[in-house]
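This report describes the arrangement of two protein chains, beginning with one helix and proceeding to the contacts between the chains.

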2 protein chains.
Amino acid sequence: MSTRTIQVDRDIAADRKQAAQVAREQFTRQGTLVVNLVSSPGAGKTSLLQATAEYWNGRQRMAVLVGDIATNRDAERLAPYMPVKQLTTGGACHLELELVQRGLKQLPEVDYEFLFIENIGNLVCPASHDLAEHLRVVLVSTTEGDDKPGKYPKMFRTSQAMLISKLDLLPYVPFSVAAVIEDARTIQGDIEVMQVCALTGTGIETWCEWLDQQRQQLLVKGASV
Amino acid sequence: MSTRTIQVDRDIAADRKQAAQVAREQFTRQGTLVVNLVSSPGAGKTSLLQATAEYWNGRQRMAVLVGDIATNRDAERLAPYMPVKQLTTGGACHLELELVQRGLKQLPEVDYEFLFIENIGNLVCPASHDLAEHLRVVLVSTTEGDDKPGKYPKMFRTSQAMLISKLDLLPYVPFSVAAVIEDARTIQGDIEVMQVCALTGTGIETWCEWLDQQRQQLLVKGASV
């Protein structure tokens, strides 16, 4: 989508930033860790969420807002695992906070430990939209090539963690784990890196423990807000 | 990127459509088939072009304009095979005609049989931009999942061909060739479907012959323009 920047856009941007900050603080106070999952189409966001729910097996209360341009295919896949609300953008290439907040009102009212937002499959536009998340996690699958961070720098610069997904396919593809990590860390030196395969369960325990750790830190912060 | 539609946009859209049509007719008259390659990040557009050049081995004159948000990695990969000009969008999520036309002026002045435009890896935004191409070809890799056409319908509705790429990984992934074809044809009944693996060369002959056939039809049309 193309944008013609005019003066009024600045105020809109400032308003949006402020709204996201207010919403994030509310999540912090209630102890809900909000995770915005971003990636190319088909990198495995939905499978990761299924594997996460299976690993926790009810020990953590989680819910998900699922963004798609059309269809409710991902929501159908996730419904057996957790409360889910489909957000259909009707063509738009990213989720926005307003849509997320409307979706949130349609989830059962529970104090979730984790709220996941599965963004539109797009390594570009979602990088520019704050959805009030505490963490942005970017998935890059072994089949996409190890050159992606440098080619889509804003997404990696604004993410706190990179998950290398589809680890089971590593023997069959020209992909260097070391190279993709080096590329990502050139852009964002502090980025947390984990390696997972949702289908076999590899790395899921590490991922879930990391999430839990992040939430414990949030609780400490929330108590002082 | 977000758009606020205001009246002036209509005229811009009409002007752009007209400019694309004029440029396309010029390409038709000179017998250059213009192919806009679109896909998710890492679906194999660059590898397909390398395999295409290897197959033709100088029998067809081809050139490529390569779109990227940042870096010139794809251009470097293609430079040994054909004249190439990198188009760096500096953050924008798609290519536009003006950028394509500027790039074209920097290619050696030759009557190419084929001009390829390798678009930004993004299944959403590039669907809305006419780059004066004769053919839009969408790649969907076997590792992305067979549910992609329905989830990104505009891209498949506006493409004349779908290439199922990374066919060599089919034994290792949950992907049904029949399902992805059915899904694409629900959206665009006439879409041409080919199956390729750029690394092994599978399907490259069929793809190149199809391209040649498309160009022959263009020449007939060009003679009557």
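## Helix α8 of chain B

In this predicted model, helix α8 of chain B comprises 20 residues (residues 204-223), which at 1.5 Å a residue should span 28 Å; the C-alpha atoms at its ends are 29 Å apart, in agreement with that expectation. The buried residues of α8(B) are B:Trp207, B:Leu211 and B:Leu218. Viewed down the axis of α8(B), these buried residues fall within an arc of 35°, so they line one face of the helix. In general, an α-helix has 3.6 residues a turn, so residues three or four places apart point the same way. On the face of α8(B) turned away from the buried side are exposed residues, including B:Glu205, B:Glu209, B:Gln213 and B:Gln216. That exposed face also carries B:Leu219, B:Val220 and B:Ala223.

## Relation and contact of the chains

Chain A is superposed on chain B by a rotation of 180° with 0.0 Å of shift along its axis, at an RMSD of 0.0 Å. This is the relation of a two-fold axis. The same surface serves both copies, as 100% of the contact residues of chain A recur in chain B.

Between the chains, 34 residues of chain A are in contact with 34 residues of chain B. On the side of chain A that touches chain B, the elements giving two or more residues are β4 (114-121), α5 (148-151) and α6 (153-157) of chain A. The largest share, 3 residues, comes from α5(A). The residues on this side of chain A are divided by character in the table.

| Character of residues, side of chain A touching chain B | Number |
|---|---|
| Nonpolar | 13 residues |
| Polar | 13 residues |
| Charged | 8 residues |

## Nonpolar core and B:Leu95

The largest nonpolar core holds 114 residues, of which A:Val64, A:Phe116, A:Ile117, B:Val64 and B:Phe116 touch the most other members. Leaving aside neighbours within four places in sequence, A:Phe116 is in contact with A:Val35, A:Leu37, A:Leu49, A:Met62 and A:Val64.

In chain B, B:Leu95 lies in the loop between β3 (84-88) and α4 (97-104). Is B:Leu95 buried or exposed? B:Leu95 is buried, because 26 other C-beta atoms lie within 10 Å, and 20 or more suffice for that class. Not counting residues up to four places away in sequence, B:Leu95 touches, among others, B:Gly67, B:Leu87, B:Val100, B:Ile117, B:Pro126 and B:His129. By contrast, B:Leu95 and B:Arg215, 120 residues apart along the chain, have C-alpha atoms separated by 23 Å.

Note on methods:
Residues are numbered from 1 along each chain as its sequence is written. Chains are lettered from A and ligands numbered from 1 in the order in which they are written. This is a predicted model: local features need pLDDT of at least 70, side-chain atom pairs count only at pLDDT 80 or more; totals for chains, interfaces and linings use all residues. Helices (H or I, at least four residues) and strands (E, at least two) are DSSP runs, numbered from the N terminus. The expected span of a helix is 1.5 Å times one less than its number of residues. A residue is buried if 20 or more other C-beta atoms lie within 10 Å of its own, exposed if 12 or fewer, and partly exposed in between; C-beta atoms are placed from the backbone. The arc is that of the directions from the helix axis to the C-beta atoms. Two residues are in contact if their C-beta atoms, placed from the backbone, lie within 7 Å. Ala, Val, Leu, Ile, Met, Phe, Trp, Tyr, Cys and Pro count as nonpolar, Asp, Glu, Lys and Arg as charged, and the others, Gly among them, as polar. A nonpolar core is a set of buried Ala, Val, Leu, Ile, Met, Phe, Trp, Tyr and Cys residues joined through C-beta atoms within 7 Å. Copies are superposed by least squares on the C-alpha atoms of residues with pLDDT of at least 70 in both.
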